[in-house]
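The following exercises concern the fold, the helix packing and the side-chain pairs of one protein chain. Please work through each task before reading its solution.

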Amino acid sequence: STKINVDSEEGGYSITTGKDGDGNDANFNFGSHAKVPANFPKDIPRPSDDYLITAMEIEEDGDKEIALSYQVEGNFEEWKGKYDDYLVNSGYEVDRLDFASTMYSLMGAKGETVLTISIMVEEDNDFFVLQLMYLY
């Protein structure tokens, strides 16, 4: 059975499901509790942790995933280019998807590793949402 622990403080909360009967593990952290997991590669570009709004780490059947979400002020085109350059220069096979002018997705695959970058732009706002999903 899955155990759920919820730790809440002003400005953030954490949910740890612990291990279920299959030994799977998951941790979700929001707001002030969101921290980049130690296993997230240091060479992948990231905005300042001040912009981090959620961090999730899941392990299932030996596969591991880290998902980070940021709310970033500034120019999304700069970050889109930065991630495209990173994937190409790091030897990933890259797929690029643009959905109208408000959502962009880059997916890089290298061996058993997959890095997906999604950028969601809201018109008339000075910020965008950046999501990084790293599967290894």
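**Exercise 1. Which residues does threonine 113 touch, not counting residues up to four places away in sequence?**

Solution. Step 1: apply the contact criterion, namely heavy atoms within 4.5 Å. Step 2: list the partners; threonine 113 touches Tyr92, Gly108, Tyr134, Leu135 and Tyr136, not counting residues up to four places away in sequence. Step 3: place the residue; threonine 113 belongs to strand E8, where strands (E, at least two residues) and helices (H or I, at least four) are DSSP runs numbered from the N terminus. Step 4: classify its accessibility; with a relative accessibility of 17%, threonine 113 counts as buried. Buried means under 20% relative accessible area, exposed means over 50%, and partly exposed lies in between (1.4 Å probe, protein chains only).

The basis of these solutions is a predicted model, in which local features need pLDDT of at least 70 and side-chain atom pairs count only at pLDDT 80 or more, while totals for chains, interfaces and linings use all residues. Residues are numbered from 1 along each chain as its sequence is written, and side-chain values use heavy atoms, with hydrogens and water left out.

**Exercise 2. Describe the secondary structure and the overall surface of the protein chain.**

Solution. Step 1: count the elements; the protein chain has nine strands and one helix. Step 2: order them; along the sequence the pattern is β-β-β-β-β-α-β-β-β-β. Step 3: evaluate burial; of the 136 residues in the protein chain, 35% are buried. Step 4: evaluate the surface; the accessible surface is about 8,100 Å², and 47% of it belongs to carbon and sulfur atoms. This area comes from the Shrake-Rupley method with a 1.4 Å probe. Step 5: consider sequence separation; among contacts in the protein chain with a separation of 6 or more, 38% are between residues 24 or more positions apart.

**Exercise 3. Characterise helix H1 and determine which strands its buried residues pack against.**

Solution. Step 1: compare the span with expectation. Helix H1 comprises 14 residues (76-89) and reaches 20 Å from its first C-alpha to its last, close to the 20 Å expected at 1.5 Å a residue; the expected span is 1.5 Å times one less than the number of residues. Step 2: identify the buried positions, which are Phe76, Trp79, Lys80, Tyr83, Asp84, Tyr86 and Leu87. Step 3: examine their directions; the buried residues of H1 fall within an arc of 160° seen down the axis, so they line one face of the helix. The arc is taken over the directions from the helix axis to the C-beta atoms. Step 4: name the packing partners; these buried residues pack against strands E5 (63-73), E6 (93-99), E7 (103-110), E8 (113-121) and E9 (127-135). Step 5: inspect both ends. At the start of H1, a side-chain oxygen of asparagine 75 comes to within 2.7 Å of the backbone nitrogen of glutamate 77. Just after H1, glycine 91 adopts a positive phi of about 85°.

**Exercise 4. How many salt bridges are there, and which residues form them?**

Solution. Step 1: apply the rule, a side-chain nitrogen of Lys or Arg within 4 Å of a carboxyl oxygen of Asp or Glu. The count is three salt bridges. Step 2: take arginine 46, which meets aspartate 49 at 3.3 Å, N to O. Arginine 46 is partly exposed at 27% relative accessibility, and aspartate 49 is partly exposed at 40%. Step 3: take lysine 80, whose salt bridge with aspartate 98 has its closest N and O atoms 3.7 Å apart. This pair links distant parts of the chain, with lysine 80 in helix H1 and aspartate 98 in strand E6, 18 residues apart. Step 4: take arginine 96 and aspartate 84, whose closest N and O atoms are 2.5 Å apart. Arginine 96 lies in strand E6 and aspartate 84 in helix H1, so the pair ties together parts twelve residues apart in sequence. Arginine 96 is partly exposed at 46% relative accessibility, whereas aspartate 84 is buried at 18%.

**Exercise 5. Is phenylalanine 128 buried or exposed, and which residues is it in contact with?**

Solution. Step 1: phenylalanine 128, in strand E9, is buried with a relative accessible area of 1%. Step 2: leaving aside neighbours within four places in sequence, its contacts include Tyr70, Val72, Phe76, Trp79, Ile119 and Val121. Step 3: the C-alpha atoms of phenylalanine 128 and methionine 103 are separated by 9.7 Å, with their positions 25 residues apart along the chain.

Definitions and conventions: A polar contact is a pair of N or O atoms within 3.5 Å; within protein, one must be able to donate a hydrogen and the other to accept it, and residues adjacent in sequence count only if both atoms are side-chain atoms.
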